[in-house]
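The exercises below are meant to be worked through with the sequence and the coordinates side by side. Each task is followed by a solution that goes step by step.

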Amino acid sequence: YNNLGVIFRDKGNFDEAIKACEKAISLKPDYAEAYYNIGVVLKRQGKLNEAIEVYKTVLSLKPNHANACINMGHALQELGKLDKAVKAYKKAISINPDSAEVYSNMGVALKNQGMLDDAIKSFKKSILLNPKYAHAYNNMGNVLRDQGKLDEAIEVFKKSISFLPNYYEAYSNMGVSLKDKGLLDEALDAFKKSILLKPDYA
């Protein structure tokens, strides 16, 4: 039933996914993976508080479930509960210290708390684990820009784009940094490239 739930989930049939996972739990009440899949569905539906409660159940059944920690961190971050999000990411890292994505996500949460130096450290760790992780470079570029380090930010955005050439957000972010430096023609080129890649990007 849990596998059925996963298929329904991936097809976007969320109600059937939850029913299938609940059936799995009725047959096996300590089935952490079935609870986890319900949490994923609830998060995709935007039911963040409910998803967090389900992830807590997962972790009570299986304390080393790294993905439950990561997804709980995402949900908490979306709710603006940044301290708790960072704690969830740190727990995920203690379970799986080699996840570049978790370090990058934690860096974003730290940035949103105004802890820019700690955010940079987190992004650097992410890049150390995955030197071609474009999102970590982009996220770090945003922090460098916030710190007024525009030259460094521009170089980091360029690196992000070199690993993910269609990364319209990195082009847009680089455009802002170029504009802030007074390089208006280069900024215009970057914004045009961003819009070319994603015409509906506001």
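## Exercise 1: Helices H8 and H9

In this predicted model, helix H8 (residues 116-129) packs with H9 at an angle of about 155°, and their axes are 9 Å apart. Decide whether H8 and H9 are roughly parallel or antiparallel to each other, and identify which residues of H8 and H9 meet.

Solution. Start from the angle between the two helices, which is about 155°. Angles over 145 degrees count as roughly antiparallel, and H8 and H9 are therefore roughly antiparallel to each other. Next, look at the handedness, where H8 and H9 form a left-handed crossing. Finally, list the residues on each side: H8 contributes Leu116, Ala119, Ile120, Phe123, Lys124, Ser126 and Ile127, and these meet Ala136, Tyr137, Asn139, Met140, Val143, Leu144 and Asp146 in H9.

## Exercise 2: Helix H7 and its partners H9 and H5

Work out how H7 is oriented towards H9 and towards H5, and which residues make the contact in the pair H7 and H9 and in the pair H5 and H7.

Solution. Take the pair H7 and H9 to begin with: helix H7 (residues 100-112) packs with helix H9 (residues 134-146) at an angle of about 20°, and their axes lie 10 Å apart. Because angles under 35 degrees count as roughly parallel, H7 is roughly parallel to H9. The crossing in which H7 passes H9 is left-handed. From H7, the residues that make this contact are Ser104, Val108 and Lys111, while H9 supplies His135, Ala136, Asn139, Asn142, Val143 and Asp146.

Now turn to the pair H5 and H7, where the axes of helix H5 (residues 66-78) and H7 come within 11 Å and cross at roughly 20°. By that angle, H5 is roughly parallel to H7, and the crossing of this pair is left-handed. Here the contact involves Ile70, His74 and Gln77 of H5, together with Glu101, Val102, Asn105, Val108, Ala109 and Asn112 of H7.

## Exercise 3: Cys21 and Cys69

Explain why Cys21 does not form a bond with the closest cysteine sulfur, and determine whether Cys21 and Cys69 are buried or exposed.

Solution. A search of the whole structure finds 0 disulfides. For Cys21, the closest cysteine sulfur belongs to Cys69 and is 19 Å away, which is too far for a bond, since a disulfide requires a pair of cysteine sulfur atoms within 2.5 Å. Seen from the other side, Cys69 is likewise in no disulfide, the nearest cysteine sulfur being that of Cys21 at 19 Å. As for accessibility, Cys21 counts as buried at 1% relative accessibility, and Cys69 counts as buried at 1% relative accessibility.

## Exercise 4: Two serines, Ser160 and Ser194

Describe the surroundings of Ser160 and of Ser194, and state whether Ser160 and Ser194 are buried or exposed.

Solution. Ser160 is placed in helix H10 (residues 150-163) and is buried, with a relative accessible area of 0%. A polar atom of the Ser160 side chain lies 2.9 Å from the backbone oxygen of Ala134. Apart from residues up to four places away in sequence, Ser160 touches Ala134, Tyr137, Asn138, Tyr167 and Ala170.

Ser194 belongs to helix H12 (residues 184-197) and counts as buried at 2% relative accessibility. Once its neighbours within four places in sequence are left aside, Ser194 is in contact with Tyr168, Tyr171, Ser172 and Tyr201.

## Exercise 5: Glu33

Find the polar contact made by the side chain of Glu33, and say how accessible Glu33 is.

Solution. Glu33 is found in helix H3 (residues 32-44), where Glu33 counts as partly exposed at 29% relative accessibility. Leaving aside neighbours within four places in sequence, Glu33 is in contact with Asn2, Lys62 and His65. With the side chain of His65, the side chain of Glu33 makes a polar contact at 3.1 Å. Glu33 and Leu61 are 28 residues apart along the chain, and their C-alpha atoms are separated by 9.5 Å.

## Exercise 6: The chain overall

Establish how many helices and strands the chain has, and what share of the residues is buried.

Solution. The chain has 12 helices and 0 strands. Of its 202 residues, 45% are buried. Along its principal axes, the C-alpha trace spans about 65 × 35 × 25 Å.

Methods
Residues numbered from 1 in each chain as written. Predicted model: local features only at pLDDT ≥ 70, side-chain atom pairs only at ≥ 80, totals over all residues. Heavy atoms only, no water. Buried < 20%, exposed > 50% of the residue type's maximum accessible area, 1.4 Å probe, protein only. Helix = DSSP H or I, 4+ residues; strand = E, 2+ residues; numbered from the N terminus. Polar contact = N/O pair within 3.5 Å; in protein donor to acceptor, adjacent residues only side chain to side chain. Contact = heavy atoms within 4.5 Å. Axes fitted to C-alpha atoms, helices over the stretch in contact; angles between N-to-C directions. Parallel < 35°, antiparallel > 145°, perpendicular 65-115°, else oblique. Left-handed = near helix turned anticlockwise from the far one by under 90°.
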